[in-house]
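Here's an informal tour of one model, starting with an aromatic residue and working outwards from there. Keep the viewer open as you read.

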Amino acid sequence: LHATTTCGANGAARTVFVMRFEPTIHIALAFLFWLGGEVLAQPGAGLPAGQAGGSSAIPAALAAGPSFDDVELPDELALEDVADGNHVTRAAALESALQDNPTIKAARERLEVARGTYRSRSAGNNPQLSLGATVVPRSSSAGDAAVSQFPDTDQTHLSHTFLTSGRRTHATRSAAAQLEGARMDLVTAELDLRQFTTVAYVDLQVAQDAVGLYEDTWRVAAALVTAARQQFQAGAVPEANVLRAEVEASRATQYLVRSHADLAVKQAALSVQMGRPLDQPILAVDALEPTTVALTQAQAAGLAHEHRPEVASARAQAAAFHAEVEVARSARRPDLTLQVHPASSLTNAGDPPIFAAVALPLWDRGQIGGSIDAARAQARAAAHLVDASRRLVGLDVVKAYQQLIASQKNLQLIRTQVKAKTHVILERARIAYAAGSATLLDLLDAQRVYRQAALDELQAAGDLERGIAALERAMAAPVPRRTP
């Protein structure tokens, strides 16, 4: 006996039997299926005791429950208002960071150190004034021992050493190269700060939007609790629905509290980059706008090799070390020293004598040669670092560009495929729940899937902006954008 169950006009189950020569147990099973269909088709079947008179379909008014927008957050879950003066745009955050961040201030001071070094090394030796006297021994009488009397020869003189060895010229070249390297280091520090500040701002944007999403989730959960309680009191649903809704509301509260903590951390992180006090919450007013990148990887690499300051800084350091080689070699060449004695016993005329002296090493015991070898090794190492810097720039571009393209594709996939479909699923679950053809678990599951899709979209949008910031850092130039 085979049975096929159909539903009649009144909702009762009906079974059509087809007889065949098979074992008797099939007849018993078919009869049980028919009997079960008759029982489950009765109003109130499957409800707890005392609720047998309820309808099998939840009334629309009860299923819909209160409007989600009408649910107010309690004071303990509401964020404090941020003062208008602490509402910042991304441009304002970058401007404040470049002005007040202590890291960039230290980089500017290092540039001043390089300027002072250049002034010192490019200047010649200072003229020197020597004050002294010669004590002439005299005898008080014949045969007596010589007794030192008061000095009678003035040894005051002016002296100046001219760096004829070329040390000053090469030292100036080295200091100039170091100054240029310090300038490039400052540009590097500014680029790093721009990226750090941009990422911190994007993190704050994502955290703010996540709080709003979790607030909506909490409102939905609270409204479902109210609806489930009303339905239970009307005898339409079992008490398990109320408990399940309350558990979901507790989870929504946990998520909301965690989002508040994450928001506070992101606010502090942006304040650190901007050089602001940490006890003043800030609000990012710019929205995460949809955007795409209009740039190829080859174009990005070309801009990077043209604008990246690290390569220029490495070249400047190499030039400085090459100049230091010549500075070390100049120790083998003589310098000229002139002395002028305004009053001296060495001349009978009124014109002061001028003495010239040349100082040069007689032989090198390794001091000069060792300095030259060390300077040459540093110059070779600096040349290798220039090549390494070029390669690292190319690698930075590849990594940043590929991650950016992946983030861009991921965001598009989530928006067009995942979130759009989960939204349809959620709307259908709400309609089915109101009509009584879906359970509370079905609605909660649809709500959870949609919330996760919205969070994934939010994180993907943040990843795209972070990727753009990373590529701008790798290129040392703005990334051209277009609105999709």
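## An aromatic pair

Let's start with Tyr255, which is partly exposed because its relative accessibility is 25%, above the 20% limit for buried. This is a predicted model, by the way. Tyr214 comes out on the other side of that limit: at 15% relative accessibility, Tyr214 counts as buried.

Why bring these two up together? The chain has a count of 1 aromatic pair, and Tyr214 and Tyr255 are the two rings in question, with centres 5.8 Å apart. Their planes meet at 40°, so the pair is classed as tilted; stacked would need an angle under 30 degrees and edge-to-face one over 60. The pair also ties together distant parts of the chain, as Tyr214 sits in helix α5 and Tyr255 in helix α6, 41 residues apart.

## Gln205, also on α5

Stay on helix α5, which runs over residues 167-233, and look at Gln205, another of its residues. Is Gln205 buried or exposed? Buried: its relative accessibility is just 2%.

Who are its contacts, once residues up to four places away in sequence are set aside? Gln205 touches Arg90, Ala284, Asp286, Ala287 and Leu288. There's also a C-alpha distance to look at: Gln205 and Leu263 lie 9.1 Å apart in space, with their positions 58 residues apart in sequence.

## Helix α3 and what covers it

Arg90, one of the residues Gln205 touches, takes us to helix α3, residues 90-100. Which residues of α3 are buried? They are Arg90, Ala93, Leu94, Ser96, Ala97 and Leu98. The cover over them includes several helices, namely α4 (102-122), α5, α6 (239-274) and α10 (440-475). Strands β3 (87-88) and β14 (481-482) are part of that cover too.

Ser96 is worth a click. This α3 residue has a relative accessibility of 16%, so Ser96 counts as buried. Beyond its neighbours within four places in sequence, Ser96 is in contact with Asn101 and Met274.

## How α5 meets α10

Both α5 and α10 help to cover α3, and they also pack against each other, with axes 9 Å apart and an angle of about 170°. That angle is over 145 degrees, so α5 and α10 count as roughly antiparallel. Sorted by class, the residues in this contact are 16 nonpolar, 7 polar and 7 charged.

## An odd phi after α10

Follow the chain past α10 and you get to Ala476, in the loop between α10 and β14. Most residues other than glycine have a negative phi. Ala476 has a positive phi, near 60°, and isn't a glycine. Is Ala476 buried or exposed? With a relative accessible area of 18%, Ala476 is buried.

## A look at α8

For a residue on another helix, try Ala312, in α8 (residues 309-329). Ala312 is partly exposed, since its relative accessible area is 25%. In sequence Ala312 and Arg183 are 129 residues apart, yet their C-alpha atoms are separated by 9.7 Å.

## The chain as a whole

Zooming out, the secondary structure comes to 10 helices and 14 strands. The chain has 484 residues, and 37% of them are buried. Among contacts with a separation of 6 or more, 78% join residues 24 or more positions apart.

## How far to trust it

The pLDDT averages 79 over the chain, and 77% of the residues score at least 70. Where is confidence highest? In α3, at 95. Helix α1 (residues 25-40) is where confidence is lowest, at a mean of 34. Over residues 1-66 pLDDT stays under 50; the model has 78 contacts beyond four places in sequence for that stretch.

Notes: Residues numbered from 1 in each chain as written. Predicted model: local features only at pLDDT ≥ 70, side-chain atom pairs only at ≥ 80, totals over all residues. Heavy atoms only, no water. Helix = DSSP H or I, 4+ residues; strand = E, 2+ residues; numbered from the N terminus. Buried < 20%, exposed > 50% of the residue type's maximum accessible area, 1.4 Å probe, protein only. Contact = heavy atoms within 4.5 Å. Axes fitted to C-alpha atoms, helices over the stretch in contact; angles between N-to-C directions. Parallel < 35°, antiparallel > 145°, perpendicular 65-115°, else oblique. Nonpolar A, V, L, I, M, F, W, Y, C, P; charged D, E, K, R; others polar. pLDDT = per-residue confidence, 0-100. Phe/Tyr/Trp six-rings, centres within 6.5 Å; stacked < 30°, edge-to-face > 60°.
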